[in-house]
Structures are given as C-alpha cells and as structure tokens.
Amino acid sequence: MRPVRQPLLAAGLATLATAATLGLAPGAARAAAPAPRISVNWFGTADVRAHTATIGGRYACGAERGLAYIEVHLGQRVRRESVTGFGFGVIGACTDDRTAGTWTATIPADSGAFRGGPATATARLVVEPNSLTETTEPLRLIPRCPGADGQAI
C-alpha cells in the first residue's frame with residue numbers, strides 16, 4: 001500500500017467535515033416540509049354587464065395550518081385602456097383534514113369592464129398568521145353569455 005500524503009489526507013477530512021456540517025453527509029438528508037402552492041386556471045369568465053370577472057384555480061396548504069384565503073389582482077388591456085380589479089377567494093382554513101382544494105373569486109373592475117381576451121392574474125394564498133405564497137399567471141377571459149342560464153359561451 002502506498003503512503004498517503006498529509007496534505008491530501010487533510011483536504012479529504014476537511015471536505016468530509018464541511019459536508020457533515022452542511023447536512024450533505026449520507027443519512028443527513030431530511031425531507032423538507034412541503035411549501036404552500038397556488039395556481040390559476042387557464043380560463044375565466046368576463047361578465048361585461050356586471051363589470052366583473054370570475055377566475056379560479058387550485059391551492060395546497062403544504063405544512064401550514066391556520067385561517068386561509070386567496071387575494072386576487074386581475075389586469076387586462078381593453079382597447080387602449082387598462083382594466084384592473086381586486087377580489088378575494090374564501091377557502092376557510094388549512095387543517096389536517098383540509099390541505100388542498102379549488103378556489104374561485106369574482107373580481108369587480110375598478111373602472112371600465114373586463115371583456116373576453118387575454119388577462120393577467122396575481123393570486124396570493126395567505127395562511128394566517130405568517131405564510132404567503134404568490135403566483136402571477138396569464139389567462140384568457142371568455143365572455144359570459146347574456147342568456148338566462150348565465151353560462152360562458
């Protein structure tokens with residue numbers, strides 16, 4: 001067996017010590033708690049007469065527990081104007097029995113009216129007292145049919 005050089009041995013031991021300190025050593029890996037997540041559906045509806053848009057998506061609480069709600073900012077370029085609005089989606093609470101689900105929010109326009117076409121939504125999942133997860137996603141608003149059933153066309 002060949003003799004080991006002192007500098008090489010010292011460097012190897014220093015690397016192992018650093019890896020163990022950082023938690024990179026075998027067996028030191030721990031599963032991280034899942035983080036909360038939120039997403040926005042690709043399509044929503046625009047009700048021109050009511051000056052509102054309704055959008056939705058999915059959420060997952062991850063390891064967070066507490067009162068939870070969704071904040072939504074919606075923006076759309078209509079002709080040469082910008083139409084914006086803000087609304088809430090109520091989901092209740094993140095508990096051990098309820099860790100994921102769907103959400104919807106009806107957003108009134110601040111001025112003007114949402115119309116069919118591309119829009120951008122920023123949705124925030126807030127789990128009290130101190131968790132906030134945010135996403136900004138494009139979507140397409142579909143005009144709501146003015147018929148009696150109120151379905152999108």
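Helices (H or I, at least four residues) and strands (E, at least two) are taken here as DSSP runs, numbered from the N terminus. Read in this way, the predicted model has a protein chain with one helix and eight strands. Followed from the N terminus, the elements of the protein chain come in the order α-β-β-β-β-β-β-β-β. Of the 153 residues in the protein chain, 33% are buried. Contacts across the sequence are also worth a look: among those in the protein chain between residues at least 6 apart in sequence, 64% join residues at least 24 apart.

The interior is a good place to begin. The largest nonpolar core has 27 residues, and those touching the most other members are Ile55, Leu74, Trp103, Phe114, Leu139 and Leu141. Two or more residues of this core come from each of strand S1 (37-40), S3, S4, S5, strand S6 (100-108), strand S7 (117-127) and S8. Leu74 gives a closer view of such a core residue. Setting aside residues up to four places away in sequence, Leu74 touches Ala53, Val83, Thr84, Gly85, Ile107, Phe114, Ala119, Thr120, Ala121, Leu139 and Leu141. Among these partners, Phe114, Leu139 and Leu141 are also named with Leu74 as core residues that touch the most other members.

Next comes a covalent link. In general, a disulfide is a covalent bond between the sulfur atoms of two cysteines. A search of the whole structure turns up one disulfide, formed by Cys61 and Cys94 with their sulfur atoms 1.9 Å apart. The pair links distant parts of the chain, for Cys61 sits in the loop between strand S3 (52-60) and strand S4 (66-78), whereas Cys94 belongs to strand S5 (residues 81-94), and the two are 33 residues apart. The torsion about the S-S bond of Cys61 and Cys94 is about -70°, so this disulfide is left-handed. Both ends of the bond are hidden from the surface: Cys61 is buried, with a relative accessible area of 0%, and Cys94 counts as buried at 2%.

Charged residues add further links. As a general point, side chains of opposite charge can pair when their charged atoms come close. Here the count comes to three salt bridges. One of them joins the side chains of Arg65 and Asp96, at 3.0 Å from N to O. Arg65 lies in the loop between S3 and S4 and Asp96 in the loop between S5 and S6, so this salt bridge ties together parts that are 31 residues apart in sequence. Arg65 is partly exposed, with a relative accessible area of 34%, while Asp96 is exposed, at 66%.

The remaining salt bridges meet at Arg124. With Glu71, Arg124 forms a salt bridge whose closest N and O atoms are 3.4 Å apart. Because Arg124 lies in strand S7 and Glu71 in strand S4, this pair ties together parts that are 53 residues apart in sequence. The side chain of Arg124 also meets that of Glu134 in a salt bridge, at 2.6 Å from N to O. Here Arg124 in strand S7 is paired with Glu134 in strand S8, so the parts tied together are 10 residues apart in sequence. Through shared partners, the salt bridges join Glu71, Arg124 and Glu134 into one network. Within this network, Glu71 counts as buried at 18% relative accessibility, whereas Glu134 is partly exposed, with a relative accessible area of 44%.

Strand S8 (residues 131-143) also holds Thr135. With a relative accessible area of 15%, Thr135 is buried, because buried means under 20%. The side chains of Thr135 and Glu137 are joined by a polar contact of 2.9 Å. When residues up to four places away in sequence are left out, Thr135 touches Ile38, Ser39, Val40, Ala121, Thr122 and Ala123.

Aromatic rings complete the picture. A pair of aromatic rings is described by the distance of the centres and the angle of the planes. The structure holds two aromatic pairs. In one of them, the ring centres of Phe86 and Phe88 are 5.1 Å apart and the planes stand at 80°, so the pair is edge-to-face. Both of these residues are partly exposed: Phe86 has a relative accessible area of 31%, and Phe88 one of 47%. Ring pairs also bring in Tyr69, linking Tyr69, Phe86 and Phe88 into a cluster.

Technical notes:
Residues are numbered from 1 along each chain as its sequence is written. This is a predicted model: local features need pLDDT of at least 70, side-chain atom pairs count only at pLDDT 80 or more; totals for chains, interfaces and linings use all residues. Side-chain values use heavy atoms; hydrogens and water are left out. Rings of Phe, Tyr and Trp (its six-membered ring) pair if their centres lie within 6.5 Å; planes under 30 degrees apart count as stacked, over 60 as edge-to-face and the rest as tilted. Buried means under 20% relative accessible area, exposed over 50%, partly exposed in between (1.4 Å probe, protein chains only). A polar contact is a pair of N or O atoms within 3.5 Å; within protein, one must be able to donate a hydrogen and the other to accept it, and residues adjacent in sequence count only if both atoms are side-chain atoms. Contact means heavy atoms within 4.5 Å. A disulfide is a pair of cysteine sulfur atoms within 2.5 Å. A nonpolar core is a set of buried Ala, Val, Leu, Ile, Met, Phe, Trp, Tyr and Cys residues joined through side-chain atoms within 4.5 Å. A salt bridge is a side-chain nitrogen of Lys or Arg within 4 Å of a carboxyl oxygen of Asp or Glu.
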